[in-house]
2 protein chains.
Amino acid sequence: MDSVHIKPRAPRSKGRRRPPRRRTYRHGDLRRALLEAGIALARVGGPEAVVLREATRRLGVVPNAAYRHFASRQELLRGVRAAALSALAVAIEKELSPLAPSDLPADMARARLRAVGSAYLRFAQKETGLFRTAFAVLDDAPTAADPEMAGESGLNPFQLLGAALDRMVEGGELPAARRPGAEYLAWSAVHGLAILMIDGPLRRSPRAQLDDLGHRLVEMVEKGL
Amino acid sequence: MDSVHIKPRAPRSKGRRRPPRRRTYRHGDLRRALLEAGIALARVGGPEAVVLREATRRLGVVPNAAYRHFASRQELLRGVRAAALSALAVAIEKELSPLAPSDLPADMARARLRAVGSAYLRFAQKETGLFRTAFAVLDDAPTAADPEMAGESGLNPFQLLGAALDRMVEGGELPAARRPGAEYLAWSAVHGLAILMIDGPLRRSPRAQLDDLGHRLVEMVEKGL
DNA sequence: TCCTCTTTGTGTACGCTGTACACAAGAGCA
DNA sequence: TGCTCTTGTGTACAGCGTACACAAAGAGGA
């Protein structure tokens, strides 16, 4: 804090992360860079790991620089959260894409619903940090259909589930009368299991058992909806 | 921090909370008191509101005093979490108790399962802070059947659900082959809905709609299990 | 009663966080 | 060239968890 007051422009090897030593003074795209640093942090440690000072440190920028692009840490986290939701949407879309329209629309509809569920569960297991971040509880919630949270189809995870349910109705697999609100029921089940698996009593259960439970759960939803 | 250095034993009206000005030097039961302060904090603000310094402040004790009773904030939070789980168990038991053994054991079993589900959902809505705390993600997890987390019956919420499912099997309402792991499926659904209601898109939905969804969800579980 | 030991609360200090405010470097435009 | 707006810097503060040394007071024995 004092000593001989060496000029603070010294290499700063204490910072732990390579400060890229940009020479332009302006960073160029700090907003995006912060977002990406935040995502990297979230992947590893979930929402609470998205710490403003660490993100700026990784970019070799002073903490306050972040405030030119985000009003607060909360706001940065909101951005990271949107990215996490988008990643989840993409994961679901990927699982959905090989499901070409089958000749039996009913089978196809069921297969698609199942695909949404299992992609969701797999994402929760493989990208736990992002998953937790995607559902981190933020204050207020405008959260209305922000395209930032969507996948390549333009739909966010919730909407992808809704679309799958719509197909179930079209395929005659789900009575239209039961359709309203069905996404909440289906989502509840799958999301609940995801949580049970990543921090609940099912944490460290063997993979095989989890897969089995996943299948049974999706079955339960199909049957009970 | 400096000024005239008034004697620090002054009333300290800045503390915001009445410092009870105990004169015994020893508090007497600081551990319990901290736990209770922690619970009060959790009720209002969930797990992240359980802040060590605030708890000690409320008791008119210096922050470090807490370390004589809890190894860390995490450890205090663990205690609060156990209390929250216990409160949930009690809430479930309360809902269960008026259900006297009916002459139709099958009906009774279904009624009990339903009671567990609706008590769970109601608790999540009425005691959101405690609910969130009960399922806060803590590091490691010994978490094995600690009686601290149980209700008056000695069973924790998870075990209460298991017991309800056992009765379903006894009553012939659930094939025994489906029993293993069924608590995970049922719990997933109900817990997922609870989360959807307290911080998901169902937050601020009208009470009536939530109740309706709750019923439909429990139905879905019964039917699909 | 006095002495000693152990328990439990106190004082001080550190590093970390988010963030407010004034300032400076540089880009874009006149 | 000079002006202005944007964006990064410096300094500062309060709040957090927590480490370490110290002190007050019970508990137990002499």
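Two residues count as in contact when their C-beta atoms, placed from the backbone, lie within 7 Å. Keep that cut-off in mind for the first stop on this tour of a predicted model.

**Stop 1: chain A by itself**

Hide everything but chain A and colour by secondary structure. You'll find eight helices and zero strands, so to speak an α-α-α-α-α-α-α-α run from the N terminus on. Now think about which contacts hold between distant parts of the sequence. Among contacts in chain A between residues at least 6 apart in sequence, 72% join residues at least 24 apart. Buried residues make up 39% of the 225 residues in this chain.

Next, colour by pLDDT. The average for chain A is 88, and 86% of the residues score at least 70. Then select residues 1-19 of chain A: pLDDT stays under 50 there, and the model has five contacts beyond four places in sequence for this stretch.

**Stop 2: the two chains together**

Bring chain B back. How is chain A superposed on chain B? A rotation of 180° does it, with 0.0 Å of shift along the axis and an RMSD of 0.0 Å. That is the relation of a two-fold axis.

Now select the contact between the chains. Chain A puts in 26 residues and chain B puts in 26 residues. On the chain A side, the elements giving two or more residues are α7 (182-198) and α8 (207-224). Highlight α7 of chain A in particular, as it gives the most to that side, with 10 residues. Colour the chain A side by residue class and you get 17 nonpolar, five polar and four charged residues. Of the interface residues of chain A, 100% are also interface residues in chain B, so the copies meet through the same surface.

**Stop 3: the core**

In soluble globular proteins, nonpolar side chains tend to be buried together. Here, the largest nonpolar core has 125 residues, and those with the most contacts inside it are A:Leu88, A:Ala186, B:Leu88 and B:Ala186. Centre the view on A:Leu88 and pick out its partners: leaving aside residues up to four places away in sequence, A:Leu88 touches A:Phe123, A:Phe131, A:Ala134 and A:Pro157.

**Stop 4: the DNA strands**

Show DNA strand C and select what lies around it. There are 20 residues, and the closest are A:Tyr25, A:Val51, A:Arg53, B:His27 and B:Val62. Which helix gives the largest share of this surface? Helix α2 (residues 52-58) of chain A does, with three residues. The residues near strand C divide into nine nonpolar, five polar and six charged.

Switch to DNA strand D. This strand has 21 residues around it, the closest being A:His27, A:Val62, B:Tyr25, B:Leu52 and B:Arg73. Here the largest share, three residues, comes from helix α2 (residues 52-58) of chain B. By class, the surface near strand D has 10 nonpolar, five polar and six charged residues.

**Stop 5: two residues in chain B**

Select B:Ile39, which sits in helix α1 (residues 30-45) of chain B. Is B:Ile39 buried or exposed? B:Ile39 counts as buried, because it has 20 C-beta neighbours inside 10 Å, and the cut-off for buried is 20 or more. Beyond four places in sequence, B:Ile39 touches B:Val80 and B:Ala83. Draw a distance from B:Ile39 to B:Trp187 as well: these two are 148 residues apart along the chain, and their C-alpha atoms are separated by 24 Å.

Move on to B:Thr128, in helix α5 (residues 128-134) of chain B. With 19 C-beta neighbours inside 10 Å, B:Thr128 counts as partly exposed. Try the distance to B:Ile198: the pair is 70 residues apart in sequence and 7.0 Å apart in space, C-alpha to C-alpha.

**Stop 6: a backbone oddity**

Most residues other than glycine have a negative phi. Select A:Arg204, in the loop between α7 and α8 of chain A. A:Arg204 has a positive phi of about 45° although it is not a glycine. With 8 C-beta neighbours inside 10 Å, A:Arg204 counts as exposed.

Finish on B:Arg204, in the loop between α7 (182-198) and α8 (207-224) of chain B. Phi of B:Arg204 is near 45°, again a positive value, and B:Arg204 is exposed, with 8 other C-beta atoms within 10 Å.

How values were computed:
Residues are numbered from 1 along each chain as its sequence is written. Chains are lettered from A and ligands numbered from 1 in the order in which they are written. This is a predicted model: local features need pLDDT of at least 70, side-chain atom pairs count only at pLDDT 80 or more; totals for chains, interfaces and linings use all residues. A residue is near a molecule or strand if its C-beta atom, placed from the backbone, lies within 6 Å of it. Helices (H or I, at least four residues) and strands (E, at least two) are DSSP runs, numbered from the N terminus. Ala, Val, Leu, Ile, Met, Phe, Trp, Tyr, Cys and Pro count as nonpolar, Asp, Glu, Lys and Arg as charged, and the others, Gly among them, as polar. A nonpolar core is a set of buried Ala, Val, Leu, Ile, Met, Phe, Trp, Tyr and Cys residues joined through C-beta atoms within 7 Å. A residue is buried if 20 or more other C-beta atoms lie within 10 Å of its own, exposed if 12 or fewer, and partly exposed in between; C-beta atoms are placed from the backbone. Copies are superposed by least squares on the C-alpha atoms of residues with pLDDT of at least 70 in both. pLDDT is the predictor's confidence in each residue, from 0 to 100.
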